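Welcome, and please open your viewer. This tour suggests what to select at each stop and tells you what is there.

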Amino acid sequence: MNQKNLFLLFLLFCALYSSAQDAPIDSYQDSLQTVIGKTKSKAVKKESLFLLGEYLVQRDPPKAEKIANDLKRNYINTNSYQEVIRNQFIFGASHRWQGDYKTALTYYNQIHTASIKNKDSITTAKSAQFMGSINMFMGNNVAAQNYLIEASRIYDKIGTTEQKASVLNSLAGFYLNIDQIENGKKSYLKALEQFKVLNDSAGIASATANLGFIYTELNDFKKAEYYLMEQKKHLKVFPTLRELGFHHDFLGLLRQKQGRLQDAYQEHLKALQIREKLSSTYNLCESKLNMGEILIKLNRNQEAIKHLEEVFNFKEHESLNQQQWAYELLAKAYENLGDYKASLTNFKKYKVVNDSIYSEKSLEIIAEKEAQYNQQKKDNEIQLLNKEKEISKQKLNYSKSILIFIVISLGVILIILYVVNALYKKVKSKNIQIENALKDRELLVQETHHRVKNNLQMISSLLNLQSKYVEDTKAFEALQNGRNRVESIAILHKHLYAGENLNLVNVQDYFENLTESIINSYTKNTSQIQLDIQAKNILLDIESLIPIGFIVNELVTNSLKHAVLEATTEKLEIGINLTKKTNQHVLLVTDNGKGYCVDVTEDNKEITFGTRLIQSFVQKLNATFKTNCENGTSVEIIIPILTDTN
């Protein structure tokens with residue numbers, strides 16, 4: 001647009017402002033539409049249409065698409081690279097905000113190809129960032145990583161602070177999508193710092209919302225609440241319905257984790273009602289999935305199934321992530337309804353989609369690309385340092401012609417510095433290699449624990465499903481006991497990959513999750529059972545905790561199976577207490593019923609398999625075992641020399 005047309009546009013806005021007494025202009029959109037209706041200049045009208053289309057892509061995507069079509073038919077010079085690209089961005093964004101990701105990818109791919117051909121690096125990075133985000137939403141993780149790293153490399157060299165913050169925000173979402181929660185958290189925190197420096201309310205709202213989600217996943221409810229409320233504050237500055245939808249859905253997830261299920265349902269319902277009015281089918285499906293999850297927890301399984309099956313009606317975005325989640329929730333809902341055939345069918349579909357997203361090959365490619373990207377950043381930094389060193393060397397060479405004595409002195413000093421610098425670089429390089437190796441090892445160990453947990457939980461689910469078809473009481477009980485034993489190890493591995501320390505497990509949290517799983521497998525009426533678990537501030541390694549977990553599993557199972565109370569109104573009280581003394585740990589498991597008195601001190605052929613398990617693990621731990629069956633059952637196990645961090 002030439003200077004003359006810009007001046008005409010400026011004059012027209014001034015004229016609109018001066019006539020505000022007769023017809024006040026409510027918004028930026030109204031102002032642009034007034035200019036489009038009144039101007040006789042085709043150039044001014046074209047620029048106003050561009051501005052209006054760019055403004056409406058998120059607020060009214062279908063209208064933005066109509067404006068882009070109008071520009072394409074009547075105003076754009078097809079030989080103008082800038083005009084064509086600018087209009088394609090409107091097309092791509094309007095389809096993206098409508099949830100039509102396949103069409104959006106087509107436009108962004110055209111932009112990407114044209115920008116590379118025209119050596120337009122910033123446009124290449126901008127289109128690559130959008131393509132990376134869309135592929136991430138669709139579950140194409142390898143393609144998503146390639147495009148996001150491409151954008152990040154360009155912005156690292158020539159990008160503005162705003163662009164660097166934006167791509168960092170997108171990379172954080174990618175890490176979160178592949179379960180690298182810590183990497184995602186670090187990236188969102190960095191992005192948030194940059195958005196605050198820029199005073200970017202939309203960016204701050206996005207980063208704080210995602211941090212609220214991450215801290216919910218990490219069970220840090222205080223921080224999760226803080227960041228979600230921070231998002232709400234900034235939505236007053238950037239109040240789009242889309243962002244409000246995210247706020248209510250993320251708040252609903254927090255309330256679910258807090259056990260406030262009715263509050264969670266209300267928040268998810270608000271999000272769904274908002275997104276039903278918007279054009280994005282992806283966000284609508286996200287709300288339907290959240291509604292399905294909370295309805296299952298509220299035992300409203302038929303309603304949940306209706307929402308979950310509607311996810312498959314929208315083919316625009318073809319999100320593997322959403323399909324995976326929907327199949328998993330449908331399997332659970334049908335299981336709750338007793339339709340085990342439908343449950344198994346959906347569980348198999350979930351496994352197929354899950355394996356396609358998180359295949360071993362794709363994870364290896366992602367890890368390799370990440371390593372290459374980090375190495376290239378380091379190489380660029382070293383290259384910059386080498387260039388600076390060359391400039392310094394040239395200055396020193398120039399000074400040699402002035403004073404020979406100074407040249408000789410500086411030469412000696414430079415040699416010493418060179419040797420020291422070479423040694424420093426060598427040590428630094430070794431340290432970096434060691435640090436990277438440690439990070440790779442931690443990632444591998446974390447992934448191993450994750451996979452072990454998933455496999456064990458699949459075995460547990462299969463045992464649970466199988467038990468539904470067993471009529472023999474003893475066989476049913478054996479399957480349930482086997483399922484609980486598998487679940488005890490699965491829970492242990494979950495704590496290992498979810499915790500900050502990959503070698504140690506918080507015993508309090510582990511006992512709480514273990515007993516909850518055991519109780520849920522035996523009864524739905526948990527109100528008649530009162531638990532008292534005392535193992536705070538004790539951390540144990542997996543080798544020590546596995547036998548203890550099995551022992552606790554068997555003892556709690558015995559309490560649930562055999563404890564009989566005097567009065568039917570009395571609650572079954574189960575206590576688990578693990579304390580540390582000078583050179584030993586003391587495990588005390590009690591209940592208040594007249595139950596089964598476990599004795600592992602004698603080798604009796606008639607004792608149960610569970611009792612034999614306790615006997616085996618007591619011997620493995622070199623522990624002593626005491627049982628008291630007066631006024632309930634009390635089992636005390638004294639375990640010597642266990643490793644912990646206290």
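Start by selecting Gln-302, which lies in helix 16 (residues 301-310); helices here are DSSP runs of H or I with at least four residues, strands are DSSP runs of E with at least two, and both are numbered from the N terminus. Gln-302 counts as exposed because its relative accessibility is 55%. The scale for this is simple: buried means under 20% relative accessible area, exposed means over 50%, and partly exposed is in between, with a 1.4 Å probe and protein chains only. Now add Tyr-334 to your selection: its C-alpha atom and that of Gln-302 are separated by 8.6 Å, although the two residues are 32 residues apart along the chain.

Before moving on, a word about what you are looking at: this is a predicted model, in which local features need pLDDT of at least 70 and side-chain atom pairs count only at pLDDT 80 or more, while totals for chains, interfaces and linings use all residues. Residues are numbered from 1 along each chain as its sequence is written, and side-chain values use heavy atoms, with hydrogens and water left out.

**Two surface patches**

Next, select Lys-257, Lys-297, Lys-332 and Lys-494. What do these residues form on the surface? They gather in a patch of positive charge. Patches are made of residues with over 30% relative accessible area and no salt bridge, joining like charges within 9 Å and nonpolar side chains (Val, Leu, Ile, Met, Phe, Trp, Tyr) within 5 Å. Lys and Arg count as positive and Asp and Glu as negative, while His and the chain ends are not counted. Each charge is placed at NZ of Lys, CZ of Arg, CG of Asp or CD of Glu. Zoom in on Lys-332, in helix 17 (residues 320-337). Lys-332 is partly exposed, because its relative accessibility is 45%.

For a patch of another kind, select Ile-404, Ile-408, Val-412, Ile-416 and Val-420. These residues make up a nonpolar surface patch, and together they have about 490 Å² of accessible area, a value from the Shrake-Rupley method with a 1.4 Å probe, where only the protein chains shown count as cover for residues. Val-420 belongs to helix 20 (residues 404-468), and with 49% relative accessibility Val-420 counts as partly exposed.

**Salt bridges**

Side chains of opposite charge can pair when their charged atoms come close. How many salt bridges does a search of the whole structure find? The search finds 11, where a salt bridge is a side-chain nitrogen of Lys or Arg within 4 Å of a carboxyl oxygen of Asp or Glu.

Select Glu-83 and Lys-46, whose side chains meet in a salt bridge of 2.7 Å, N to O. This pair links distant parts of the chain, 37 residues apart: Glu-83 is in helix 5 (residues 81-97) and Lys-46 in helix 3 (residues 42-59). Glu-83 is buried at 18% relative accessible area, and Lys-46 is buried at 18% as well.

Now pick Arg-86 and Glu-54, which also meet in a salt bridge (2.7 Å, N to O). Here Arg-86 in helix 5 is joined to Glu-54 in helix 3, 32 residues apart. Arg-86 is partly exposed at 24%, and Glu-54 is partly exposed at 32%. Add Glu-47 to the selection to see a network of salt bridges that links Glu-47, Glu-54 and Arg-86.

**The strands**

For the last stop, select strand 7 (residues 633-640). Which residues are on its covered face? They are Thr-633, Val-635, Ile-637 and Ile-639, while Ser-634, Glu-636, Ile-638 and Pro-640 are on the uncovered one.

Add strand 5 (residues 584-591), which runs antiparallel to strand 7 and is joined to it by eight bridges; two strands pair if DSSP finds at least two bridges between them. Along this pairing, Leu-588 has Glu-636 as its bridge partner, and Gln-584 stands opposite Pro-640.

Then show strand 6 (residues 624-628), which pairs with strand 7 in the antiparallel sense over five bridges. Thr-624 has Ile-638 as its bridge partner. In the hairpin of these strands, with four residues between them, Asn-631 takes a positive phi near 55°.

Finish with strand 4 (residues 572-580), joined to strand 5 by seven bridges in an antiparallel arrangement. Thr-579 stands opposite Val-586, and the two strands form a hairpin with three residues between them.
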